[in-house]
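User: I am new to this structure and would love a close look at one part of it. Could you pick a helix and walk me through its surroundings, then show me how other parts compare?

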Amino acid sequence: MVLDPELPSYVERERDGELRLALTRARDQGGLVLVEGPSTAGKSRAAAEAMWSCLPGWQLLIPVVSEDLAPLADPRFDLSRTVVWLNDLQLHLGPGGAHVHALHRLLAHPSRPVLLATIRSSERAALRDDSAARGRQGGQDRTGADSDSLPLIHALLDRAHTVVLERLFTTEELERAKFLEGDPRIASALPGTHRFGLAELLAAGPELRDLLAAHTSDADGQFVGAALVHAAVDCARAGWSRPVPLDLLRLLALHYIPAELRSDVTAEDLDAAVTWATRRRRGYSRLLIPSSDDRSALSAFDYLIDDAQAQRNRAVPDTVWRMLAAAADPETALALGERALTALAVDAAETALHKALDSTIPDVAASAAERLGRLYLDRGQGPQAEPLLRRAEPLSPRASGDLDEYLVGRGRYDDVLDRWIAETDVREYRRGPEGLFTALTARARWADLERLLAERNSSGPARHTLQAELRSMKRLRWIDPTQQLAFPFPFTVVSNVRPAESRQWSWWRERIAALLEQSGQQPTIDTATAANDEFEAEKDRLLRMAVQWDDGRSLYGWNHLLLFLWSHGRQDEFEPLLHGAAAAGIVGVDAVLEQQREVARRIAAPAMPPYPDGNEDLAPELQPEFGRAMEHADPRPTGQLTQYLAGMFHELHPQLASRAFTEEEAQEEADCTGHDMPVLEFHRRAGQWRELLDRWRPPQPAQLWPGFDLGYRVLGHVRLGQWQEAESIARRAFEAGQSSFGPVLAETLLHLPDGPSHAGQLLRRITSTAPQHPVNQLIRLLLDTGNTDRAVCLVRPHGEVAPPPCGQITAALMALSGLSAMVPICHELIDHERWENKGASGWEESTQGMWTALAAHYDQVHAPDHVEYELQQAIDSGDSGARHVLARRLQRAGREDSALRLLGRTDSASWSRSSSLDPVLCGALRIRLLHQQERWDEAALDLLLTVNPLLLYRLGSLDPKTNASEISDVLWCVRAAVPELEPGYLWQYRQLQRAIGEQEH
């Protein structure tokens, strides 16, 4: 192989040694060597020179398209002493990453070929950051890679030996270039190296960029040729990864010619434009590059593509998106549809993704079905989403999870269970069985549960253990006059079969009663005695575990024992057991008791030492915006949007966000990171809304985190009172699958003619798919704008559609006090909150807010006795929220002893692990009551075993106006139990104090 003599002399790079060493190692072992850098950094030349130096006499294979990789990877094909050249590696991954498997097979080929690849830095960043972008943008994909292919792509990149070349040459490299000034091309390029890279100048990158700019819209220049180039550049930006057929390019180019010149363009002008754009300017560089296997198909010089993407001052025209979607083959259409969604070209995106459904490559068709299904779910179009997700789920776990979420949101639990049973491998944990066991228990499908437990433990002692646990579950007995159910094996059973609400006694009674009715059995004294024997055996086992765990020092072990005793209503036995262990000489128990005495001394003092002022983590001027702020600090969706943008800026730019910064610093940060968020955030903080809108640039096809820029633009229009413009942007973002813009869209609608009715329709569309986080914001918004009837309608669940997260709408319910609909609404919401599993959605489960609102309603209509009766009925059924509300009412009536008897000792595990917030509130109130009665030791033990700073993160679902006392109780408990807080916890503590207007004393 001989490199072309027309090429300029080669200037050795500082990374050449590393590159050649990597190739030398790969010569014996095979492998992937990847050269990364920006366009015109000299990647291909450096790779070719290294290959020529290290692998002389080897054969060179250059796959033309990604489909060539699969036959090449056949182990029967002799690839010994072969270099497989993969220029622009991302193009060889195939649509949706469909051919990444072939690359992995090539790396495992018995002939041990060397894969030598290049990739532009922007493309590598897109592949690397795709998972993060999905999470931050609500699941939106930017690269078109299938969710199952992404791990394989990342694994491929991890296996590569990557050598990074910079565009700008180092001082030493430029010194070496001066010795080659005999080459006139290098001599002419050297004077410009203070601004550009030497390879960049040799490839004529800046020269061709300036040439294109000079002829764009120039009536006396080659404006037709410039239009062809702009069209080809936008094709690449839009995800068209192959050379563009000339016939299509000619049609596209017409949309880049100024309207006043378009009618004068002839066929001859187009032919001349093609000749001008494909002319070699320097070496091999040209504006448009003909395909090696089809000279009638053209690609834009990649330097121009990177430059256009970096400038971000020009959007791909909507007409061009539609034409590309119509012309694309199914494989190209997948990437095209993904990038069209990022650029908010929704119609073209749907057209392209529907076309990708017809791909003969299964991974591509599945990726298209998954993406369309997710798009429809995000837009609240569940019926359209379901068949697409079912089509995608055999090849996409992500689609399967989305389908589960949708079916659960519609209340179709048995559909989900049947799918889970078919898909779960209980022995190999392909799909975790615990969730399935939970659901089967909740639906009382005992036969399926017993069969799956037997399959999970098909041999050995574990099988007999779990089957015994299952029999114990079926033998749950009533053992006291209140007919509460006890757990014979609370931890081992619950860890394997955890119902959605393991502490809701009436829930268990209802299901066990149905089981007993089927079998004709009734609880007897004998079974209660047997249950007590099992209780004593389990208590002894947990006591042994507690004293053996770190010689009794571990609070975790004692927590287990306390939970067990509490679940049987025998928590008063705990302290004697603890002191008995100390008397028996268990060394670590003395340390536990000393901690108890220390906490007791601290809370017995006239005043506890306050936490220090200031915050090491966040500057004072940023405190109102960052951290896990209270959900109800600003109920408006645009207020929540402000908080979200500020928080994400702190996450992405922590050094800049933690202090005041100048516009110049913001611009420098934006130049380094490649996105405008620092500059937009600067203008937001300064209240410079017009400057913010002037700086905003349209979303680009491969842009990182486009939702942030859109959020800033919507916010700018809102702050200027431009509701129509804000509505237009929010609608485009929502229709493109960015579901977080749904509530923002509804808020903008309320400020437009006929807006309230459209906002209500939008909310019902959102909730028809599944409960969504922003629903509460809209309910509050409707109430604040006087749309009480619509708020009532939206709070109440509709048919099989699950209502919104109830723990977040206390303030909204309080606004309904006195209305006749209040009682049935609260009961419906309480029933839903108690029996539906919210843990998977991330919401705190709580009935306390609904009971608080219902009690306020009864007080307003002068029926306090009625509310106490209803609260007591709910408490008998194990409702912790009702228990807290009644205990608070007793406390305020001066009946502290009655309140303490009602509360008992809190379930310690629930403070940190339960999905329900109510036991936390009960426990905090109990501790405060003990403290007020100067029962220091009892309060100290509860504080020691139950309180930790993580509780602060669980209070965001409380309304600070309605629940100021509850928040204050938890804050006091944290301060009593934890004398020193880490900065992050201290920040949350201060945030909660400010929310309720509390001063530390």
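Analyst: Let's start with a term we will need: a residue counts as buried when its relative accessible area is under 20%, as exposed when the value is over 50%, and as partly exposed in between. Please keep in mind that this is a predicted model.

With that cut-off in hand, look at Glu 681. Its relative accessible area is 0%, so Glu 681 is buried. This residue belongs to helix H35, which covers residues 677-686. Glu 681 also has a partner from further along the chain: its C-alpha atom is 9.8 Å from that of Asp 709, although 28 residues separate the two in the sequence.

What does H35 pack against? One neighbour is helix H32 (residues 637-652), and the two axes come within 11 Å, crossing at roughly 135 degrees. H32 and H35 are therefore oblique to each other. Their crossing is left-handed. On the H32 side, the contact is made by Thr 642, Leu 645, Ala 646, Met 648, Phe 649 and Leu 652, while H35 brings Met 677, Pro 678, Glu 681, Arg 684 and Arg 685. So our buried Glu 681 is part of this contact. Sorted by class, the contact of H32 with H35 holds 7 nonpolar, 1 polar and 3 charged residues.

Now step along the chain to helix H36 (residues 689-695), where you will find Asp 694. Is Asp 694 buried or exposed? With 68% relative accessibility, it counts as exposed. The C-alpha atom of Asp 694 lies 10.0 Å from that of Leu 680, and the two residues are 14 positions apart along the chain.

For another helix pair, turn to H38 (residues 723-735) and H39 (residues 741-749). They pack at an angle of about 155 degrees, and their axes are 9 Å apart. That angle makes H38 roughly antiparallel to H39. The crossing of this pair is left-handed. From H38, the contact takes in Trp 723, Ala 726, Glu 727, Ala 730, Arg 731, Ala 733 and Phe 734; from H39, it takes in Phe 741, Gly 742, Val 744, Leu 745, Glu 747, Thr 748 and Leu 749. Together these residues divide into 9 nonpolar, 2 polar and 3 charged.

A third pair shows another arrangement. The axes of H11 and H12 come within 8 Å, with a crossing angle of roughly 110 degrees. H11 is thus roughly perpendicular to H12. Ala 227, Leu 228, Ala 231, Ala 232 and Cys 235 of H11 meet Leu 249, Arg 250, Leu 252 and Ala 253 of H12. By class, this contact has 8 nonpolar residues, no polar ones and 1 charged.

H11 and H12 also lead us to helix H14 (residues 267-277). The buried residues of H14 are Leu 270, Ala 273, Val 274, Trp 276 and Ala 277. Viewed down the helix axis, they fall within an arc of 165 degrees, so they line one face of H14. Glu 268 and Thr 275, on the other side of H14, are exposed. The buried residues of H14 pack against several elements, including helix H11 (223-237), helix H12 (246-253) and strand E7 (288-290).

Helix H4 (residues 100-107) offers one more view of burial. Here 6 of the 8 residues are buried, so H4 is largely enclosed by the rest of the structure. Those buried residues are Val 100, Ala 102, Leu 103, His 104, Leu 106 and Leu 107. They pack against strand E1 (31-37), helix H3 (69-72), strand E3 (82-86), strand E4 (114-120) and helix H6 (149-159).

Two loops beside these elements are worth a visit. Arg 81 sits in the loop between H3 and E3, and Arg 112 in the loop between H4 and E4. Most residues other than glycine have a negative phi. Yet phi of Arg 81 is near 50 degrees, and Arg 112 has a positive phi of about 55 degrees. At 47% relative accessible area, Arg 81 is partly exposed; Arg 112, at 48%, is partly exposed as well.

Finally, here is the wider setting. The protein chain has 53 helices and 8 strands. Of its 1001 residues, 57% count as buried. Among contacts with a separation of 6 or more, 68% come from residues 24 or more positions apart.

Terms used
Residues are numbered from 1 along each chain as its sequence is written. This is a predicted model: local features need pLDDT of at least 70, side-chain atom pairs count only at pLDDT 80 or more; totals for chains, interfaces and linings use all residues. Side-chain values use heavy atoms; hydrogens and water are left out. Axes are lines fitted to C-alpha atoms, for helices over the stretch in contact, and angles run from 0 to 180 degrees between N-to-C directions. Helices (H or I, at least four residues) and strands (E, at least two) are DSSP runs, numbered from the N terminus. Angles under 35 degrees count as roughly parallel, over 145 as roughly antiparallel, 65 to 115 as roughly perpendicular and the rest as oblique. A crossing is left-handed if the near helix is turned anticlockwise from the far one by less than a right angle, and right-handed if clockwise. Contact means heavy atoms within 4.5 Å. Ala, Val, Leu, Ile, Met, Phe, Trp, Tyr, Cys and Pro count as nonpolar, Asp, Glu, Lys and Arg as charged, and the others, Gly among them, as polar. Buried means under 20% relative accessible area, exposed over 50%, partly exposed in between (1.4 Å probe, protein chains only). The arc is that of the directions from the helix axis to the C-beta atoms.
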